Amino acid sequence: MIKKLILSTACVVLFSTMFVTAQNRHELSILGGGGLSTFNYNTSIGKDKMGFGGHAGIGYTFFFHKNCGVGTGAEVAFYNSEYSGNFYTQFMATDQFGTEFLYSATLNDYVEKQNGMFVNIPIMFQYQTNGKHKFYAALGGKVGIPVMAKYQTNNAVLQARGYYEFE
């Protein structure tokens, strides 16, 4: 009977110690943020304007050492952007009869608004300090999966002209 009591007590102490230790190795977090966002336009004409964007999600970090851990999670991110400009092009063209002419086109007051929503899956390496107040730094990346994308354009004015030179 005493052997069973000692064995049972030892098992309870062992498992409760493992449970407390395991709890210190796991971290669950809730995250959110917001600010200016944009899509990365790469254009030599026109201009882009940032819009409001943000994200919210949950994270999980497993600490394999008291100061080092690996984290992942899931978050939803929203991006907004605007692109606008006046565009002009001009080049020599040939009509169906083989006659050359100067073609020009102008697009005035063009505005395009874009919105996107992504599900992001981060993978991060985290280092944190010891002590009552812990500071940490994380390094890693995210995989973004597009869930929704839409755009809206205005009624811009397009003018096209052809100039024939006759002698």
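Is threonine 61 buried or exposed? Threonine 61 is buried, with a relative accessible area of 8%. Buried here means under 20% relative accessible area, exposed over 50%, and partly exposed in between (1.4 Å probe, protein chains only). The model is predicted; local features need pLDDT of at least 70, side-chain atom pairs count only at pLDDT 80 or more, and totals for chains, interfaces and linings use all residues. Residues are numbered from 1 along each chain as its sequence is written, and side-chain values use heavy atoms, with hydrogens and water left out.

The secondary structure comprises one helix and six strands. Helices (H or I, at least four residues) and strands (E, at least two) are DSSP runs, numbered from the N terminus. Along the sequence the pattern reads α-β-β-β-β-β-β. The protein has 167 residues, of which 20% count as buried. Its exposed surface is about 12,800 Å², and carbon and sulfur atoms supply 63% of that area. Accessible areas come from the Shrake-Rupley method with a 1.4 Å probe; for residues, only the protein chains shown count as cover. Contact means heavy atoms within 4.5 Å. Among contacts between residues at least 6 apart in sequence, 64% join residues at least 24 apart.

Aromatic rings were examined next. Rings of Phe, Tyr and Trp (its six-membered ring) pair if their centres lie within 6.5 Å; planes under 30 degrees apart count as stacked, over 60 as edge-to-face and the rest as tilted. The count by this rule is six aromatic pairs. Tyrosine 83 and phenylalanine 87 form a stacked pair, at 6.2 Å centre to centre and with 20° between the planes. Both tyrosine 83 and phenylalanine 87 are buried. Phenylalanine 87 also pairs with tyrosine 110: the ring centres are 6.0 Å apart and the planes stand at 65°, so this pair is edge-to-face. The pair links distant parts of the chain, with phenylalanine 87 in strand E3 (residues 68-94) and tyrosine 110 in strand E4 (residues 100-128), 23 residues apart. Tyrosine 110 is buried, as is phenylalanine 87. Ring pairs thus join Tyr83, Phe87 and Tyr110 into a cluster.

Serine 84 lies in strand E3. At 14% relative accessibility, serine 84 counts as buried. Neighbours within four places in sequence aside, serine 84 is in contact with Gly46, Lys47, Tyr110 and Val111. Aspartate 109 belongs to strand E4. Aspartate 109 is exposed, with a relative accessible area of 52%. Its phi is near 60°, a positive value in a residue other than glycine.

Asparagine 115 is likewise placed in strand E4. Its relative accessibility is 26%, so asparagine 115 counts as partly exposed. Not counting residues up to four places away in sequence, asparagine 115 touches Phe39, Tyr79, Asn80, Met148, Ala149 and Lys150. The C-alpha atoms of asparagine 115 and glycine 53 are separated by 9.2 Å, with these positions 62 residues apart along the chain.

Pockets were then mapped. On a 1 Å grid over the protein atoms alone, a pocket is an open set of points with protein on both sides within 12 Å along at least five of seven lines, where a 1.4 Å probe fits; lining residues have an atom within 4 Å of a point. Grid points are joined across faces, edges and corners, and a volume is the space filled by probe spheres set on the points. The largest pocket has a volume of about 360 Å³. It is lined by 19 residues, of which Ser29, Leu31, Thr61, Met124 and Gln126 are the closest to its centre. Elements giving two or more residues to this lining are strand E1 (26-37), strand E2 (47-63), E3, E4 and strand E5 (136-153). E2 supplies the largest share, five residues. The lining divides into seven nonpolar, nine polar and three charged residues. Ala, Val, Leu, Ile, Met, Phe, Trp, Tyr, Cys and Pro count as nonpolar, Asp, Glu, Lys and Arg as charged, and the others, Gly among them, as polar.

Threonine 61 is found in strand E2. Beyond four places in sequence, threonine 61 touches Arg25, His26, Glu27, Gly69, Val70, Gly71 and Gln126. The second largest pocket holds about 160 Å³ of space. Its lining has 11 residues, with Asn24, Phe63, His65, Lys66 and Lys134 nearest the centre. By class, two are nonpolar, six polar and three charged.
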